[in-house]
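Work through the exercises below with the sequence and the coordinates at hand, and try each task before reading its solution.

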Amino acid sequence: MNKSEHQLKADIRRQADQAFDQEMDEINRQMKERVMIALVGDVNAGKSSTINRIIGDEVAGVGAEPGETTEIKEYPYRDKIILIDTPGLNDVNTSNSARTRDYYRQTDVVLFFLNAAGTVFSEAEKRSLEALEKINQDIIIVLNKIDAADEIDRLVRRVRQETGDRYEVIPVSSRTGANIEQLRYSILDLLKKKSKDIVFARTIKEKSSIANKWIIGAATSAGAIGAAPIPGADIIPLTAIQIGLLTRLATLYERPISRETAKEIVIASIVGNLGKTLFAQVVKLFPGAGSVAAAGVAGSVTLALGYSVKYAYERGIDVTPDSISRLYRKFRSKTDKGKLPE
């Protein structure tokens, strides 16, 4: 590497300032947004219990009344998430149909519930889905109550086949919690396309699994950058990835982080590992193995950093360069051995 450690720190600080501003602009913009999630299906499909699992909290009212839902009902959660309990389009009264369609047009995510223990994808449900997808195709099909049904794989295959494999079909159990994390991730992925994933993540009570998703995603991106064959090419984008991860985790756990703290933590993570960073840059001069080694360094550094910050937030530890450096050594040892923290 041609640059001195002093020059390296200066480059990281400049990139960190820019990345911090960009990330905070996006976070502040998202926190002004609201997320609308429509729930389609009758009470017997377990909408209420599934939503409670996804959010990690009790959402009063959703799907609470016995029998079929015959009118639209809104249930706000912390003012940022609006859950819309709706009938299927074929079950709604003519007087309400235009209003229902307006709701579907505004909805960010539609969860279309099927009961695995009942008549899966009945003719009425097919008609309802066909009418719905003409208005909004941001649909996830939730096959609930898999704990009370058999041959789940066959049911999933049949629903996919009958829907032309256009939508994700996620089998879950709101009773046991099976695959709820996968469903939560799918919702986040849809919302990310609309730049609303951060506001959803921050608003819900369940934080840990989302933090894991972001940490692993950042580490994967860092590894890809670290594999670049040009020595020194990964330092600047790696800084942006780590700043983005720090600001997102701070937002997720509702513990604001200052620009200076974020910068110093990233500098400690990259420059504090200067011996390994230098090694990673040098071995890139040798094709093949060099890129693999560099990818491993960049990925494991980012992984350990993310888990250190997550650990601190979840245990009420102040996030400072010193506290994170201490935790980082512990988590770096684990990630180097291929062990992912819980």
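**Exercise 1: helices on the sheet**

Task: Across which strands does helix α5 lie?

Solution: In this predicted model, helix α5, which spans residues 152–162, lies across β4, β5 and β6, and its direction makes about 160° with that of β6. Helix α6 (residues 180–193) also packs on the sheet, where it touches β1 (35–40), β4, β5 and β6, running at about 170° to β5.

**Exercise 2: strand order and edges**

Task: Determine the order of the strands in the sheet, and explain which strands stand at its edges.

Solution: Begin with the order, which reads β2-β3-β1-β4-β5-β6 for an open sheet of six strands with mixed pairing. Because β2 (73–77) and β6 (168–171) each have a single partner strand, one side of each is left without a neighbour in the sheet. From one strand to the next, the twist averages 25°. Turning to one pair, strand β4 (residues 109–115) runs parallel to strand β5 (residues 139–144), the two being joined over six bridges, and Phe113 has Val142 in β5 as its bridge partner.

**Exercise 3: a helix pair**

Task: Classify the packing of α9 and α10 by angle, and describe the residues in their contact.

Solution: Helix α9 (residues 235–252) packs against helix α10 (residues 259–271) at an angle of about 130°, with the axes 10 Å apart. Since angles from 65 to 115 count as roughly perpendicular and those over 145 as roughly antiparallel, the two helices are oblique to each other. The crossing of α9 past α10 is right-handed. In the contact, residues of α9 including Ile235, Leu238 and Leu246 meet residues of α10, among them Ile265, Val266 and Ile270. By class, this contact has eight nonpolar, three polar and one charged residues.

Key: Residues numbered from 1 in each chain as written. Predicted model: local features only at pLDDT ≥ 70, side-chain atom pairs only at ≥ 80, totals over all residues. Heavy atoms only, no water. Pairing = 2+ DSSP bridges. Helix = DSSP H or I, 4+ residues; strand = E, 2+ residues; numbered from the N terminus. Axes fitted to C-alpha atoms, helices over the stretch in contact; angles between N-to-C directions. Contact = heavy atoms within 4.5 Å. Parallel < 35°, antiparallel > 145°, perpendicular 65-115°, else oblique. Left-handed = near helix turned anticlockwise from the far one by under 90°. Nonpolar A, V, L, I, M, F, W, Y, C, P; charged D, E, K, R; others polar.
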